[in-house]
Amino acid sequence: MSAVIIDFFVLTGFLGSGKTSLLRDVLGAETASDTAVIVNEAGEVGLDGVLLRESGDDLPMAMLSNGCVCCQVGSDLAFTIDRLIMTPRPAGLPPLRRIILETSGLSMPGPVLRQLATLAEHRMRVAVIATYDLTRGLAVAEFEEAAAQWAAAHRIVATKADLVPDTLIEAPVSIAQLNPVAEAIATVDRTAAVSAAFAPLAASLPSREVALERRAAHPRLALCLVRPRGEIAYADLAGWLDNVAGALGERLLRIKGLVRVHEAPRPLLVESVGTMFSPPRQLTAEKPPAPFLVVIARDIDRAELEQVAPTGLFTFSWRASESGVAPRGIRAEWVT
Ligand SMILES: Nc1nc2c(ncn2[C@@H]2O[C@H](COP(=O)(O)OP(=O)(O)OP(=O)(O)O)[C@@H](O)[C@H]2O)c(=O)[nH]1
């Protein structure tokens, strides 16, 4: 068991959306000396690793590809992390407190998180950070990898703001259409964006209410605000979540929210990336928002979710798309 909690950041985002550039900025900061990096590239050549070496020359860095292997680690993610944590720190560097994994632009976050789940002996606080390329905006939500990456994210960082500064104002709104429970980081101040994106994950949920607005998200993405009708039995909640995962399969991108159950004095934080659920835990926050679940999925119809058994536990809020065709998209955002 590690003595300190290590913040593990999964840096995800679609092809060319600015992950390596963001990481270079992280590694260039003075605060990066407690950081190790793992890069997983889709291609044969480890170019990202070369680029990152320019920024963080003395930091432990591992490649999960056919590229350079700077820490003499294998190709398996769990093994690599284990080695990074257990290997004595290079002279002059502080204890390891942060690991950043840059995934390839086509990585699905679910399998990555599944591998991390095997490392329970290390005390890691896992956060998913996704890039949102302002020059391409919502267009890449067509790709299921991009939609899954955004849906899994705790934080979504708008990139390339210098190229299209005018799009920054609308970015939080667009990001909320993709994932209303993610924190949107949209600023032209790159230093501020980098430090906000890679700060330790403090609270799991903003202590604010969720509201829906009339505006469609991407036509293939469905966002649903699910409200429990009241306190429910844990077995019913577990059964419902299990059945949602079974019914939607890989089209389920994300579930996150709070539910009150008979068996626990405090609301339970319920979270899944894809169909992989984190163990539910009681929220300690003083003033939690009213119970809710946000479900993000792709290519589904209302009935598929609303008819999941046991029925009658929840109400479902959807908004019709502006075209009036398939009632798939809503926009949800945090309001105070
Ligand atoms: N002007 C500008 N260009 C950027 C910015 N971020 C990334 N780029 C450029 O966009 C291209 C892709 O950036 P990368 O950081 O390599 O993106 P990536 O997500 O790591 O790409 P893959 O690893 O191929 O998926 C490069 O040419 C970068 O120089 C930015 O904030 N501003």
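**Exercise 1.** Over residues 221-309, what percentage of the chain is helix, what percentage is strand, and how many Å apart are the end C-alpha atoms?

*Solution.* Begin with the ground rules: this is a predicted model, in which local features need pLDDT of at least 70, side-chain atom pairs count only at pLDDT 80 or more, and totals for chains, interfaces and linings use all residues. Residues are numbered from 1 along each chain as its sequence is written. Next, take helices as DSSP runs of H or I with at least four residues, and strands as DSSP runs of E with at least two, both numbered from the N terminus. Over residues 221-309 the chain is then 22% helix and 37% strand, while the end C-alpha atoms lie 22 Å apart. Finally, an unreviewed UniProt entry annotates residues 221-309 as "domain: CobW C-terminal"; such annotations may be inferred rather than shown by experiment.

**Exercise 2.** Find which element gives the largest share of the side of domain 1 that touches domain 2.

*Solution.* First, locate the domains, whose bounds come from an automatic or database domain assignment: domain 1 covers 6-197 and domain 2 covers 209-335. Second, count the contacts, where two residues are in contact if their C-beta atoms, placed from the backbone, lie within 7 Å; by this rule, 18 residues of domain 1 are in contact with 19 residues of domain 2. Third, list the elements that give two or more residues to this side of domain 1, which are α4 (109-116), α5 (144-152) and α6 (171-178). The largest share, 5 residues, comes from α5.

**Exercise 3.** Decide whether strand β4 (residues 98-102) is mostly covered or not, and work out which strands pair with β4.

*Solution.* Start with burial: a residue is buried if 20 or more other C-beta atoms lie within 10 Å of its own, exposed if 12 or fewer, and partly exposed in between, with C-beta atoms placed from the backbone. In the protein chain, 43% of the 336 residues count as buried, and in β4 this holds for 5 of its 5 residues. Then consider the faces, remembering that in a regular strand the side chains alternate between the two faces of the sheet. R98, I100 and E102 on one side of β4, and I99 and L101 on the other, are all buried.

Now turn to the neighbours, noting that two strands pair if DSSP finds at least two bridges between them. Strand β1 (residues 6-12) runs parallel to β4 and is joined to it by 5 bridges, and strand β2 (residues 35-39) also pairs with β4 in the parallel sense, over 5 bridges. Residue L101 of β4 is the bridge partner of V10 and also of I38.
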